[in-house]
Amino acid sequence: FAKPLSGQSSAHGVNDGGWVVGWEYQALTSFARPTGVLWVEGVAYDLSRLVQQPAGGSHVHVLIAWDVNAKGQIAARGFVDGVERALRLDPL
């Protein structure tokens, strides 16, 4: 079982390799917002920290990961420069 990054989390998808995706709250305050998480072999990874940030000072924050396929592509929702968008995260 994967150890969470914080006290609140939810899993939404799993692939054949056992990768699990979902979200967690990193800080349990009224100002907290969720972050998308990937759990692999019991280790939680913050997807916002794994995303290769775009050039030019842009910033991506992954809020929630919905599903992951056999190729490791993740369907997610998040913010790109403050604008909420659907995201597809591709492994390198």
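Tyr45 is partly exposed, because its relative accessible area of 35% lies between the 20% under which a residue counts as buried and the 50% over which a residue counts as exposed. This value, like the others in this report, is computed from a predicted model. Tyr45 belongs to strand β4, which covers residues 43-46, and together with Val43 and Leu50 the residue makes a nonpolar surface patch of about 260 Å².

The two faces of β4 help to place this patch, since Val43 and Tyr45 lie on the uncovered face of the strand, whereas Ala44 and Asp46 lie on the covered one. In a regular strand, side chains alternate between the two faces of the sheet.

**The neighbouring strands**

Which strand is joined to β4 by 4 bridges? The partner is β3, residues 34-40, and the two strands run antiparallel. Val40 of this pair stands opposite Val43 in β4. β3 and β4 form a hairpin with 2 residues between them, and in the turn Glu41 has a positive phi of about 50°.

On β3 the picture is one of cover, for 7 of its 7 residues are buried. Pro34, Gly36, Leu38 and Val40 point one way from the strand, while Thr35, Val37 and Trp39 point the other way, and all of them are buried. β3 also pairs with strand β2, residues 20-25, in the antiparallel sense over 6 bridges, and here Gly22 stands opposite Val37 in β3.

**The nonpolar core**

Nonpolar side chains tend to be buried together in soluble globular proteins. In this model the largest nonpolar core has 14 residues, and those with the most contacts inside it are Leu47, Val62, Ile74, Leu87 and Leu89. At least two residues of this core come from each of the strands β3, β5 (60-68), β6 (74-80) and β7 (83-89), and β5 gives the most, with 4 residues. If residues up to four places away in sequence are not counted, Leu89 touches Leu47, Val51, Val62, Gly72, Gln73, Ile74 and Ala76.

**Salt bridges**

The count of salt bridges comes to 3, and the table gives the distance between the N and O atoms for each pair.

| Pair | N to O distance |
|---|---|
| Asp46 and Arg49 | 3.5 Å |
| Arg77 and Glu84 | 2.6 Å |
| Asp90 and Arg88 | 3.0 Å |

How is Asp46 classed, buried or exposed? Asp46 counts as buried because its relative accessible area of 12% is under 20%, whereas its partner Arg49 is exposed, with a relative accessible area of 71%. In the second pair, Arg77 is partly exposed at a relative accessible area of 34%, and Glu84 also counts as partly exposed, at 43% relative accessibility. In the third pair, Asp90 is partly exposed, with a relative accessible area of 39%, while Arg88 counts as exposed at 60% relative accessibility.

**The protein as a whole**

The secondary structure comes to 1 helix and 7 strands, and from the N terminus on the elements run β-β-β-β-α-β-β-β. Of the 92 residues of the protein, 37% count as buried. The accessible surface comes to about 5800 Å², of which 54% belongs to carbon and sulfur atoms. Among the contacts with a separation of 6 or more, 31% are accounted for by residues 24 or more positions apart.

Terms used:
Residues are numbered from 1 along each chain as its sequence is written. This is a predicted model: local features need pLDDT of at least 70, side-chain atom pairs count only at pLDDT 80 or more; totals for chains, interfaces and linings use all residues. Side-chain values use heavy atoms; hydrogens and water are left out. Patches are made of residues with over 30% relative accessible area and no salt bridge: like charges are joined within 9 Å, nonpolar side chains (Val, Leu, Ile, Met, Phe, Trp, Tyr) within 5 Å. Accessible areas come from the Shrake-Rupley method with a 1.4 Å probe; for residues, only the protein chains shown count as cover. A salt bridge is a side-chain nitrogen of Lys or Arg within 4 Å of a carboxyl oxygen of Asp or Glu. Buried means under 20% relative accessible area, exposed over 50%, partly exposed in between (1.4 Å probe, protein chains only). Two strands pair if DSSP finds at least two bridges between them. A nonpolar core is a set of buried Ala, Val, Leu, Ile, Met, Phe, Trp, Tyr and Cys residues joined through side-chain atoms within 4.5 Å. Contact means heavy atoms within 4.5 Å.
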